[in-house]
Amino acid sequence: MDVLGTAVQKKLVGELAFLQFVQDGKDHYALGQITEVELRNVWHEDPTIRSLIRQRGGVDQISERQDTHLGRMTLSAVFSENSEGKYAPSFLGTVPSTGTNIYLVRDQVLETLLEPFKEELFYLGRVYGSTPLLPTWFKHFGSGRGGAGEAYHLGIFGKSGSGKSVLAKLILFAYARHADMGAIVIDPQGEFARDLRSGAAGHEGLQLPVREIIEGLGRQAEVLGVSDLVLDRWDIFEEILFESQFFERLGMRRNNNRELACAEIVAHLKKKKVTLKSLPERASFDQAWALLHDEKALARIYNQKDRRAGLKDQVDSADRDAFFSEVWSPVAALFDESRSGARKVTWAIDAVLKEKKFLVLDLSGKDNEDLYWNARIQALTIQKVISDLKQRAEMAYEDDKSLNTLVLIDEAARLAPREKPDDAVEQRVRDQLIDAVRTTRKYGLGWLFISQTLASLHQEILNQMRIMFFGFGLSLGQEYDAVARLVGSRGPALDLYRLFRDPHSAFSVESREYSFMTVGPVSPLSFAGTPLFLSVFNSVDGFLAANPRLAGSGQTGSAALSEEQ
Ligand SMILES: Nc1ncnc2c1ncn2[C@@H]1O[C@H](COP(=O)(O)OP(=O)(O)OP(=O)(O)O)[C@@H](O)[C@H]1O
Ligand SMILES: [Mg+2]
């Protein structure tokens, strides 16, 4: 498009614009974002004139006056107007004539066009570099009103500090509006849990009242930390025993013998009718300890005599009480059902799938002092959560109903890396996750992945994604290649993405901008599949004002609003 003289000094890049044209006798409106404005002055490219300019600095009749500005816009949506003045999605099946005017879009234009969808719209922010609110919609995964009829997976990518977690929370609110939708947040850092536990107080950055908003929408929010979760499988006990100090203190290294020893202990405990529940009892520990005096068992662990003798010496000289209290108890307690308030992972998952709760699983271990916890046990627990989720989903799905649940998972690239990890547990987490992502969609489970990188996230996960958000920091090297592949081109849209600034380069905290490029069916303005660009709200007030239904603070949206008026 050519930029008119009157508009030359306007900021155009990033603006949402529309044009009107007639197709099949109906008025049509095409909307899109201006991605680029290019200046040309053909006279200035002429060698003779250039040398003149070199001497004089400019030529009055040519410089500036003969400039032409060529803008590019990518059309993302087309609406047609019917005889009653209502608008419906359409497409561009003709070429608008030359001389067609292009106008900037303001909020009113969007309101009029999208009137029929008003109830469904949700606002995450404004059009990047402009003022109109960017309408988005987050349909639930079931059928019926406001539903997409199927689950889909989403991804949020960007460098550390680009605003991914904040955006994820806003999206969580969008889904919380659907009364029959549940959500489970697998939270390795305890970040989402912190917001729910403490309200918003006590940390810097955007102070989102997460609990108030979710509960204000009539949903039940709950956090389960490490100390609230009970593990309930022997294979996990065996793994954790392997990881724990137990054999370390007996001088047994992390090799096959230790694995054998763990298996021996578990087999022995089972034979003696010890249950997972009773692991914390002293008698259970004594049973395990007794095995280490059993010649036959030791022979199965070590076939060299001197190694056996060495282990026996260690066992004999060890302080048994200290072993019980310092090593055994913290591990066994993970399986103790009688801990107050403790729940099994399966219970937690059912609460989400059946009661449609909003549940945060805080697996950071920050809430816990008495239990044995580290990154590996976290990985084992995540693996357990994912496999249970898959299993329960299959079971709950029987009656042909969509489970209509969102699973949010942070640090996706750590859990499902592209390169095969060396470690067996990490491998299993990765395989489970990829398998779950592939299979659970048909049950109505949609996954929202957050990741700092694309290049090191497993390809299968990227392939499965329908809606993606790209924040600042992926415009170099491999990351950029990955973005280009997902967006489908390296055209002008990506040039606009490259203009994103690091939020932390802003002069003041208030002027920080958290921008994202989004692709996929996330907005009524993007049905052509072209990327859209937005700046996320940078104040809670702005966000709540645009989404009044969320501003209920404990009451329903409309009640709260009428009280204020
Ligand atoms: N839209 C926003 N408005 C105001 N502040 C924001 C916004 N988005 C993020 N922030 C602030 O910027 C900081 C980083 O944001 P956030 O935690 O969302 O980043 P992240 O991309 O999740 O980073 P990481 O990858 O390290 O988890 C936080 O202090 C947060 O409060
Ligand atoms: Mg984060």
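Two strands pair if DSSP finds at least two bridges between them. With that in mind, let us walk through this structure, which is a predicted model.

**The sheet**

Five strands form an open sheet, and their order is S4-S3-S2-S1-S5, with antiparallel pairing. Which strands stand at the edges? They are strand S4 (87–90) and strand S5 (102–104); each has a single partner strand, so one side of each is left without a neighbour in the sheet. From one strand to the next, the twist averages 45°.

Look next at S2 and S3, which run antiparallel and are joined by 12 bridges. You can find one pair by eye: isoleucine 34 has methionine 73 in S3 as its bridge partner.

**The domains**

The domain assignment divides the chain into domain 1 (5–105), domain 2 (120–230 + 343–553) and domain 3 (234–335). Between the C-alpha centres of domain 1 and domain 2 there are 37 Å. How many residues of domain 1 are in contact with domain 2? There are 15, and they meet 17 residues of domain 2. Strand S2 (26–40) and strand S3 (68–81) each supply at least two residues of the side of domain 1 that touches domain 2. S3 gives the largest share of that side, with five residues.

**Around ligand 1**

Ligand 1 is surrounded by 16 residues, and the closest are Ser160, Gly163, Lys164, Ser165 and Gly205. Helix H4 (residues 164–176) gives the most to this shell, with three residues.

**Two helices side by side**

Two packed helices are described by the angle between their axes and the distance between the axes. Here, helix H7 (residues 234–243) and helix H15 (residues 375–396) pack at an angle of about 170°, and their axes are 10 Å apart. Angles over 145 degrees count as roughly antiparallel, which means that H7 is roughly antiparallel to H15. On the H7 side, Ile236, Glu239, Ile240 and Glu243 take part in the contact, and they meet Arg376, Ile377, Leu380 and Lys384 in H15.

**Residue classes**

The table sets out the classes for three of the places we have visited.

| Place | Nonpolar | Polar | Charged |
|---|---|---|---|
| Contact of H7 with H15 | four residues | no residues | four residues |
| Side of domain 1 that touches domain 2 | seven residues | five residues | three residues |
| Shell around ligand 1 | five residues | nine residues | two residues |

Technical notes
Residues numbered from 1 in each chain as written. Chains lettered and ligands numbered in written order. Predicted model: local features only at pLDDT ≥ 70, side-chain atom pairs only at ≥ 80, totals over all residues. Axes fitted to C-alpha atoms, helices over the stretch in contact; angles between N-to-C directions. Helix = DSSP H or I, 4+ residues; strand = E, 2+ residues; numbered from the N terminus. Parallel < 35°, antiparallel > 145°, perpendicular 65-115°, else oblique. Contact = placed C-beta atoms within 7 Å. Nonpolar A, V, L, I, M, F, W, Y, C, P; charged D, E, K, R; others polar. Domains from an automatic or database assignment. Near = placed C-beta within 6 Å.
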